[in-house]
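The following exercises concern symmetry, domain packing and charge pairing. Each task is followed by a solution that proceeds step by step.

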Number of protein chains: 2
Amino acid sequence: MRYGAPMRKLYHFWISPACRKVRLTLNEKGLKYDLAVEKSWERRDGLLSMNPAGEVPVLVDENGAILADSQAIVEYLEETYEDVPLLPKNTQERAEVRRLISWFDNKFQVEVTDNLVEEKIMKRLTRSGTPNTAAIRAGHHNIHYHLDYISYLTERRSWLAGDEFSLADISAASQISAVDYLGDVPWEQHPSAKIWYSRIKSRPTFRSLLADNLPGMPAPQHYADLDF
Amino acid sequence: MRYGAPMRKLYHFWISPACRKVRLTLNEKGLKYDLAVEKSWERRDGLLSMNPAGEVPVLVDENGAILADSQAIVEYLEETYEDVPLLPKNTQERAEVRRLISWFDNKFQVEVTDNLVEEKIMKRLTRSGTPNTAAIRAGHHNIHYHLDYISYLTERRSWLAGDEFSLADISAASQISAVDYLGDVPWEQHPSAKIWYSRIKSRPTFRSLLADNLPGMPAPQHYADLDF
């Protein structure tokens, strides 16, 4: 405990992929932080004053800087804490990492996560209606296409964007792990994607995510199992 | 004309804010390029081989690098062509620019542009159904909130993210200009936002966007008017 210096603090919600992305990035970089659970749908004034978008993640860094939006936060962390780089040096390779970050943050989020995690978990938590079965069906359909893409990439590269583990793997694993909490990832039909995810799961930096348990919605047994 | 060196080429579609963001960034940096119109909904093989997401913008740089996703492209351009910086040097200020880029690329896109440009123009072009009047009403409602935010920011800062013109202004203007092509920006109710946009419109780098005309859907007169 250091006196006088404010601790780094991440306002987050457990199942949010955007928050998981920041947690994993902090973990990979070996940066310590406190977690504060934020139910953003309650629109707390304190959250809105930190992030007018009313969303998590919000990171308050040790120097007092208040940062919002997962991509803005991880780019800031990458620029500020350079000891463990999560982007390659070469500009074309960096563009490839960022293309894949956007793929998972946006395309996977809309086509899979919104249809499964939002419908099955968030609607229940926020009491905003009953799950839309057509959306859930679409999510189950779409995830195959994304797992195929992960398999395609990792059969040709060590990690998603190239030779090195990067923010692309972090973004993808953040989405996948949220869906895996539901038990909705059809691993047996996608063995190459499963190998990639098992390598991610066994990283020490992933352990705190595997320990997550939503109140009233315990994780299925395979979620934290390294041999799933 | 240089022989032997391939020209820089941007695959785009006129009304797409993501494409406008890349065009403005190239213009601001003084980089020459050819434009190729891509109707991404036709899912041309040549497009899918450059970008598996099947989306524009795609930039092929002079060195042959193929780049997809607007944010990956502008970060690449920022790293590769440093003479005209569009991000500040300070890491906290960079995070503020990127927070606002995400605000406009994602939040404004979903809350306003998808409801207006997608419904009124893209559905007609792609023959994918009739405009959803509830969505259009939502778009007209939501735009006030975003114009208020632009006013709030520009009453306190020279430009959206701070003292300098940045990628945040480019992302915002890319969205707003697409909606303005429809005549759907209620400028008279948002004088501070209007002043900000008139400063953007008068930049020489904006001229090529103001010359845009969609076949069969000519721009309204005020669209290109600097004194609108």
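**Exercise 1. Symmetry of the two chains**

Which rotation, and how much shift along its axis, superposes chain A on chain B?

*Solution.* The model is a predicted one.

Step 1. Chain A is brought onto chain B by a rotation of 180° with a shift of 0.0 Å along the axis, and the RMSD is 0.0 Å.

Step 2. The two copies are therefore related as by a two-fold rotation axis.

Step 3. To place the axis relative to chain A, take the C-alpha nearest to it: this belongs to Asn106(A) and lies 4.4 Å from the axis.

Step 4. Both copies use the same surface, since 100% of the contact residues of chain A recur in chain B.

**Exercise 2. The interface between the chains**

Describe the interface of chain A and chain B by its contacts, buried area, charge pairs and contributing elements.

*Solution.*

Step 1. Contact involves 26 residues of chain A and 26 residues of chain B.

Step 2. About 2,000 Å² is buried between chain A and chain B, with 56% of this area from carbon and sulfur atoms.

Step 3. Six salt bridges cross the interface of chain A and chain B, and six residue pairs, both members at pLDDT 80 or more, are in polar contact there. One salt bridge joins Arg94(A) to Glu79(B), with an N to O distance of 2.8 Å; the criterion is a separation within 4 Å.

Step 4. On the side of chain A that touches chain B, two or more residues come from each of strand S4 (66–68), H3, helix H4 (91–125) and helix H5 (133–154) of chain A. H4(A) gives the most, with ten residues.

Step 5. Sorted by class, this side of chain A has eleven nonpolar, seven polar and eight charged residues.

**Exercise 3. The two domains of chain A**

Where are the domain bounds in chain A, and how many salt bridges are counted between domain 1 and domain 2 of chain A?

*Solution.*

Step 1. Domain 1 of chain A spans 9–80 and domain 2 spans 91–224. Their C-alpha centres are 19 Å apart.

Step 2. In chain A, 16 residues of domain 1 are in contact with 27 residues of domain 2. The two domains of chain A bury about 2,000 Å² between them, and carbon and sulfur atoms hold 64% of that area.

Step 3. The count between domain 1 and domain 2 of chain A is five salt bridges. Arg23(A) forms a salt bridge with Asp212(A), and the closest N and O atoms of this pair are 2.9 Å apart. Twelve residue pairs, both members at pLDDT 80 or more, are in polar contact across this domain interface of chain A.

Step 4. Helix H1 (17–28) and helix H3 (70–80) of chain A each supply at least two residues to the side of domain 1 that touches domain 2. The largest share of that side, eight residues, comes from H1(A). By class, this side of domain 1 of chain A has seven nonpolar, four polar and five charged residues.

**Exercise 4. A salt bridge between distant parts of the chain**

Which elements of chain A does the pair Asp105(A) and Lys21(A) link?

*Solution.*

Step 1. Over all chains, the salt bridges number 38.

Step 2. Asp105(A) and Lys21(A) meet through their side chains in a salt bridge, with 2.4 Å from N to O.

Step 3. Asp105(A) lies in helix H4 of chain A and Lys21(A) in helix H1 of chain A; the pair links distant parts of the chain, 84 residues apart.

Terms used. Residues numbered from 1 in each chain as written. Chains lettered and ligands numbered in written order. Predicted model: local features only at pLDDT ≥ 70, side-chain atom pairs only at ≥ 80, totals over all residues. Heavy atoms only, no water. Least-squares fit on C-alpha atoms with pLDDT ≥ 70 in both. Contact = heavy atoms within 4.5 Å. Domains from an automatic or database assignment. Buried area = accessible area lost by both parts, 1.4 Å probe. Polar contact = N/O pair within 3.5 Å; in protein donor to acceptor, adjacent residues only side chain to side chain. Helix = DSSP H or I, 4+ residues; strand = E, 2+ residues; numbered from the N terminus. Nonpolar A, V, L, I, M, F, W, Y, C, P; charged D, E, K, R; others polar.
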